[in-house]
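I opened my notebook to look around a structure that was new to me. These are my entries, in the order I made them.

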Amino acid sequence: MEYFFELLFSGLTRGSIYALIALGYTMVYGIIGLINFAHGEMFMIGAFTALIASSVLSIYHLPLPAILVLAGLAAAVWAGAYGFTVERLAYRPLRGAPRLAPLISAIGMSIFLQNYVLLAQTADFVPFPSLIPEFAFLEPYSAIINSSSLTILAVSTLVMTALTLLILYTRTGKAMRATAQDQKMALLVGINVDRIISFTFVTGSALAAIGGLLIASHIGQINFAIGFIAGIKAFTAAVLGGIGSIPGAVLGSFILGLTEAFATGYISSDYEDLFAFALLVLILIFRPAGLLGKATAEKV
Amino acid sequence: MLELRAIDAAYGNIQVLHQVSLRVEHGEIVALIGANGAGKTTTLMAISGLVPPRRGAILFEGRPVNGLPPDALVRLGICQVPEGRHVFPGLSVAENLDMGAFLRRDRRQVATDKEQVYNLFPALRQRRHQPGGTLSGGEQQMLAISRALMARPRLLLLDEPSMGLAPLMTKHLFATIVAINREQQTTILLVEQNANVALQVADRGYVLENGHIVMQDTAEALRRAPAVQSAYLGI
Ligand SMILES: Nc1ncnc2c1ncn2[C@@H]1O[C@H](COP(=O)(O)OP(=O)(O)O)[C@@H](O)[C@H]1O
Ligand SMILES: [Mg+2]
C-alpha cells in the first residue's frame, strides 16, 4: 500500500510538471492553431535561468524560500521574453503562409535554442542545487512523498488556479477566449489580437519555465536537451486531453503522469517513455480529438 | 461623417472594389444594396480596417482613417455587426456584451448600458449566463447588434442583419434599427440583399454592382427606379 501511494505521488508530481508545459502548447494552439515545437525549450531555458539566478542569489545568503521565489520570477520573466521573441521572429512573419511553414520554423527555432544553450553552457549535465527546503512535518511520510514533490504539487496547483481565474474573469482572459473562438470578430470589437497572441506566448513560456525550475531542483541536474523530451511528453499530454482545451491539457497531463508512474512501478522501468507514446497512439486511434477536445477535422 | 473616395480593394490580385465612392451624413441611415458577390461586405471590411483599400481614401469626420488598425477605428466610434453575426459561441451572452465594450474604461457607464440593452432585448437578460452559441438565429442577431451598441458607436455598420430571419423577426429587427438611429442619434450604414426592407428604413441608398457604384439616390427615388425594381425588388 505504501508503494502504491509512493507511485501515486510520483505520478501526480510528474503530471503537474507536464501540465505546466502542456498549458503553453494548448493555449497557443487554441489561439493561432500552431503547434509551437520550440515550447519545450522554454522549460529548459527556465531551468538554466533559475540555475544562474540561484547561484548569484546564494552569494547574498538569502533564505532558501526567498531564493526559490526570486529564481522562479527570473526564470518566468526571462523565458517569457524568449517566448515573446520567438513568436515575433519565427511565427508572426509567417501568418497567412501555408501551415507547413510555421511548423518548420518552429522546429528550426527549437534546434537553434538547444544549440545556443549547448554552446553557451556545456553538453554535460550540470548540477542544480536543491532550492526546496526540507519540511520537518513530512518526516513520518518520507517513504511516500518528499518536500520537493509536495512543493511541486502546491506551486503548480497555485499557478494553474491563478491561470484559470485569469482566463475566466479578467478582461484579458475574456479577450483571449474571444480571440481563440473568432479572431476576425475579435478584431472588429477592437481587441488588439497581436497583443493577445504575444501575451499567450509569454504566459505559456513563463509557466513552462516554472516547471523547469521545479523539476530541475527535484532531480538535481540539467542539460541543454531536457526541454526536448519533456516537451514531447507534455505535447502528448495536450493531445491526449484535446489540444486547444485548457482543462484537457491538465487532465491529459495527470493521466500521462500517473500512467508512467504506475507502469514503471508495477511493470518495468526499462520502457518508461514507451508507455507515454503507446497511450498517445491509442488515443489518436480511438479519440483523435482527445478526451475533451472538439472534433474539428480542419484543424488537425 | 463618413466618406469613401474612389477606393479600390482586392484579395490577392483579384480586385473586388473599383473606385467606390459614397458618403454617409451624420444621423442618416444609408443603405448599400447589391447582388451576392457585388462587394458589399468587402466595402464594410475596408471601412473597419480588415481589408485596407489599395487606392483611394476613407475619411471619418473629415480625417483620413484608411490604414488605421481595426482597434483604432473602433475607438473612433466605427463599429460593425458582420455578416453571419459572429457571436462568440463559447462566451456567455453577458461576456459577449463585455467584449463589445472592450475598449471602454468607464465601468459604471458600461454597466448601465448593459442594463439598457437588456431592457431593449429582454430575451438576452434571460439568457445572460448561456453561451452565445446556444442562442437561436434571431437572438444571436440581437446579441450581435447589442454587442456593437455596447461600444457606443457613432457609426454602425450592419451587414445583412435580416439574413436567415423569419419575416416577423426581420420586421421587429428593422424597427429596432430605426429606434437606435432615432433615439441614440447613431448613424447607420446598412448593407442588405433584401433591398425591399432596406429601402423602407433608409434615407438614401447606393447600388453596388460588380464592385462599382452604379446608382445613388434617396431611398424613395431608388424604390421607384425601374432598374432597381426589376433587379432588386422583384417587381
Ligand atoms: N476572403 C476572400 N478571399 C478572396 N475573395 C473573396 C474573399 N471574400 C470575398 N471575396 C470575393 O470578393 C467578391 C465580393 O465579395 P463580398 O464583398 O463578400 O460581396 P457581397 O457582400 O456583396 O456578397 C466576391 O467575388 C467574392 O468571391
Ligand atoms: Mg456579403
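**Entry: a pair in chain A**

I began with Glu260(A) and Lys233(A), whose side chains meet in a salt bridge at 3.1 Å, N to O. I should say at once that this is a predicted model. I then looked up where the two partners sit: Glu260(A) is in helix α10 (residues 246-266) of chain A, and Lys233(A) is in helix α9 (residues 226-241) of chain A. They are 27 residues apart, and the pair links distant parts of the chain. Are they buried or exposed? Both Glu260(A) and Lys233(A) turned out to be buried.

**Entry: a pair in chain B**

Next I turned to chain B and found Glu3(B) in a salt bridge with Arg23(B), with 3.3 Å between the closest N and O atoms. This pair also links distant parts of its chain: Glu3(B) belongs to strand β1 (residues 2-11) and Arg23(B) to strand β2 (residues 14-24), 20 residues apart. I checked the cover on each partner. Glu3(B) has a relative accessible area of 18%, so I wrote it down as buried, the cut-off being under 20%. Arg23(B) is partly exposed, at 39%.

**Entry: a network in chain A**

I went back to chain A for Arg92(A), which forms a salt bridge with Glu87(A). Their closest N and O atoms are 3.0 Å apart. Arg92(A) counts as buried at 19% relative accessibility, and Glu87(A) counts as buried at 1%. How many salt bridges are there over all chains? The count comes to 21. I also noted that Glu87(A) and Arg92(A) belong to a network of salt bridges that links them with Arg95(A) and Asp194(A).

**Entry: the magnesium ion**

Which protein atoms are donors to the magnesium ion (ligand 2)? I found OG1 of Thr41(B) and OE of Glu83(B), lying 2.0 to 2.3 Å from the ion. The two donors come from distant parts of the chain, 42 residues apart. Thr41(B) is in helix α1 (residues 40-48) of chain B, while Glu83(B) is in the loop between β6 (78-81) and α3 (93-100) of chain B. I looked up their exposure too. Thr41(B) counts as partly exposed at 24% relative accessibility, and Glu83(B) is partly exposed with a relative accessible area of 29%.

**Entry: positive charge on the surface**

Then I looked for charge on the surface. Arg171(A), Arg195(A), Arg75(B), Arg105(B) and Arg107(B) gather there in a patch of positive charge. I picked out Arg195(A) and found it in helix α8 (residues 193-219) of chain A. With a relative accessible area of 60%, Arg195(A) is exposed.

**Entry: a nonpolar patch**

I also found a nonpolar patch on the surface, with about 760 Å² of accessible area together. Its residues are Ile52(A), Val56(A), Ile59(A), Tyr60(A), Leu62(A), Val69(A), Leu70(A) and Leu73(A). Where do they come from? α2 (39-58) and α3 (64-91) of chain A each supply at least two of the residues, and the largest share, three residues, comes from α3(A). Leu62(A) is placed in the loop between α2 and α3 of chain A. I noted Leu62(A) as partly exposed, with a relative accessible area of 33%.

**Entry: three distances to finish**

Last, I took some C-alpha distances. Ser55(A) lies in helix α2 of chain A and counts as partly exposed at 39% relative accessibility. Ser55(A) and Leu118(A) are 63 residues apart in sequence and 19 Å apart in space, C-alpha to C-alpha.

Gln114(A) lies in helix α4 (residues 100-120) of chain A and is buried, with a relative accessible area of 13%. Its C-alpha atom is 9.0 Å from that of Ile45(A), and 69 residues separate the two along the chain.

In chain B, I found Gln200(B) in helix α8 (residues 195-201). Gln200(B) is exposed, with a relative accessible area of 53%. The C-alpha atoms of Gln200(B) and Arg223(B) are separated by 8.4 Å, and the two residues are 23 apart along the chain.

How values were computed:
Residues numbered from 1 in each chain as written. Chains lettered and ligands numbered in written order. Predicted model: local features only at pLDDT ≥ 70, side-chain atom pairs only at ≥ 80, totals over all residues. Heavy atoms only, no water. Patch = residues over 30% accessible without salt bridge, like charges linked within 9 Å, V, L, I, M, F, W, Y side chains within 5 Å. Areas by Shrake-Rupley, 256 points an atom, 1.4 Å probe, with all protein chains shown as cover. Salt bridge = Lys/Arg side-chain N within 4 Å of Asp/Glu carboxyl O. Lys, Arg positive; Asp, Glu negative; His and termini not counted. Charge placed at Lys NZ, Arg CZ, Asp CG, Glu CD. Helix = DSSP H or I, 4+ residues; strand = E, 2+ residues; numbered from the N terminus. Buried < 20%, exposed > 50% of the residue type's maximum accessible area, 1.4 Å probe, protein only. Donors = N, O, S within 2.8 Å, 3.2 Å for Na, K, Ca; no water.
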